[in-house]
Every structure is written in C-alpha cells, then in structure tokens.
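Hi there,

Here is the structure I promised to pass on. Have a look at it first, and my notes follow underneath.

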Amino acid sequence: IYSELALSLIELHELENANDYIQSSITMDPNNSRAWVVKGVYFAELKEYDKAIEYYNKAIKVEPNNAFAWINKGDTYSKQGDLGKAIDCYDKAIEIDPNDSVAWDSKGIAFADRGDLTDAIDCYKRAIEIDPANSVVWNNQGIAYAEKGDFDQAIVCYNKAIEINPVNSMVWNNQGNVYSKQGNLNEAIACYKKAIEVDPANSIAWNNQGIAYAEKGDFDQAI
C-alpha cells in the first residue's frame, strides 16, 4: 500500500512525502521489489538516473521477473540516451510478459528515437493489438508514420487516438501538422483550433496555427 501511495505522490510531484512512504514500505519488507522500483522512479523524477538504475537493479535482484522494474530501467536508460540498453530492458520485460502493451510502446518509442521507424511502427502495432483503446500508442504510431512521410496512415492513427480521447490537445496539434505538410491548410487550422479549444495554454498549437495562417496569406490572423 505504501509503495502505491508513493507512486501516486510522485505523479503529483510531491516527492518529499513520496520518499517517506517508500522508506516505510522498504522498512516493513526489504524484499518488496515493487517498493525498490518506486524508489527508482523517485530518483528518476529527480533526474538522478544512475541512482534510479541502482534501485531498479535491487528490485530485479529480489524479483528477476519484475517486468515493471525492467520497463522503468529501460525508460531511465532512454532518458540517458542509451537506447540500446533501453531496448534490451524492454525486450526482457516482453520476455517476461509478451502481452505487456507498455513494454511494446516503450520499445517503439526507443526505436523511433533511434530513427528506426519501421521497427517502431511494428512495436506500436503489437501494443495496439494488446490494448486497442490506448490513445497514446495510436498517437505515437501516427508520429512515426508522419516521420516516414506516410501522411495518410498518420491521419488514420490520429483519428483513432482522437476517437478514443478527444481532449488530447497534442494529438489535434499533430494531426494539424500532417495536414499542413500535405498543403491542406484549412484542415490544419481547424485542428490547431481544436487543440487550442482543448488546451488554451498550448503554445505550440498557437504557434502552428499562426504559421498556417501566414502560409495562407492571412497575415492579420497569423499575428
């Protein structure tokens, strides 16, 4: 219970209180592998990545088949830019649980960051097979298709992400970017407007909308 409370507090960036719960959990049971993972997540949030990996390794030593530990270890290597080690960790998590959609998605992100877009898309497809209602993975797949220049498939993915979660501002923005690259500026502007409607503080969408208006020659609206 304490480790789950700590994880929730980390997500809320209440790190001091989170650490208290982590310590309580580990004191009660030093062999609680999840508590060691959460301690790693705590240090990753502080950007102390080497320390985070140290605690993920403690969790893995206690429970070698802890997929959650391997995924978080991979995420930390990814933040350090060591994508090869990150992918190795995700592969280990997938070996433990082939139906872990988070591991497949994370592996896809690592491949995409490395520029291996075909491999990334394959991973996203597997994640979607496991969890078709995950709008984040649909968005990630859309980004990969867009980077490959397959704009039609990118739009299919973004539409699916929006169907699942219509209030994700960045998906609307990403779809707008694809329409803009296709020269479909009216559709692009409509998407940017929707992104701003969902999140008026989305400065990226505001900027992209201004660029689209400028490309249309509507400089008053662009300003």
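To start with the cysteines: which cysteine sulfur is closest to that of Cys 123, and how far away is it? The closest one is in Cys 157, at 14 Å, which is too far for a bond. Cys 191 has Cys 157 as its closest partner too, with 14 Å between the sulfurs, again too far for a bond. The structure holds 0 disulfides (a disulfide being a pair of cysteine sulfur atoms within 2.5 Å). Cys 123 is buried at 4% relative accessible area, and Cys 191 is buried at 4% as well; buried means under 20%, exposed over 50% and partly exposed in between, with a 1.4 Å probe and protein chains only.

A word on where this comes from: the model is predicted, local features need pLDDT of at least 70, side-chain atom pairs count only at pLDDT 80 or more, and totals for chains, interfaces and linings use all residues. Residues are numbered from 1 along each chain as its sequence is written, and side-chain values use heavy atoms, leaving out hydrogens and water.

Next, helix 2, residues 15-28 (helices are DSSP runs of H or I, at least four residues, numbered from the N terminus). Its buried residues are Leu 15, Ala 18, Ile 22, Ser 25 and Ile 26. Seen down the axis, they fall within an arc of 95° (taken from the directions from the axis to the C-beta atoms), so they line one face of the helix. On the other side of helix 2, Glu 16, Thr 27 and Met 28 are exposed.

Finally, Lys 61 sits in helix 4 (residues 49-62) and is exposed, at 75% relative accessibility.

Best wishes

Definitions and conventions
Helices (H or I, at least four residues) and strands (E, at least two) are DSSP runs, numbered from the N terminus. The expected span of a helix is 1.5 Å times one less than its number of residues.
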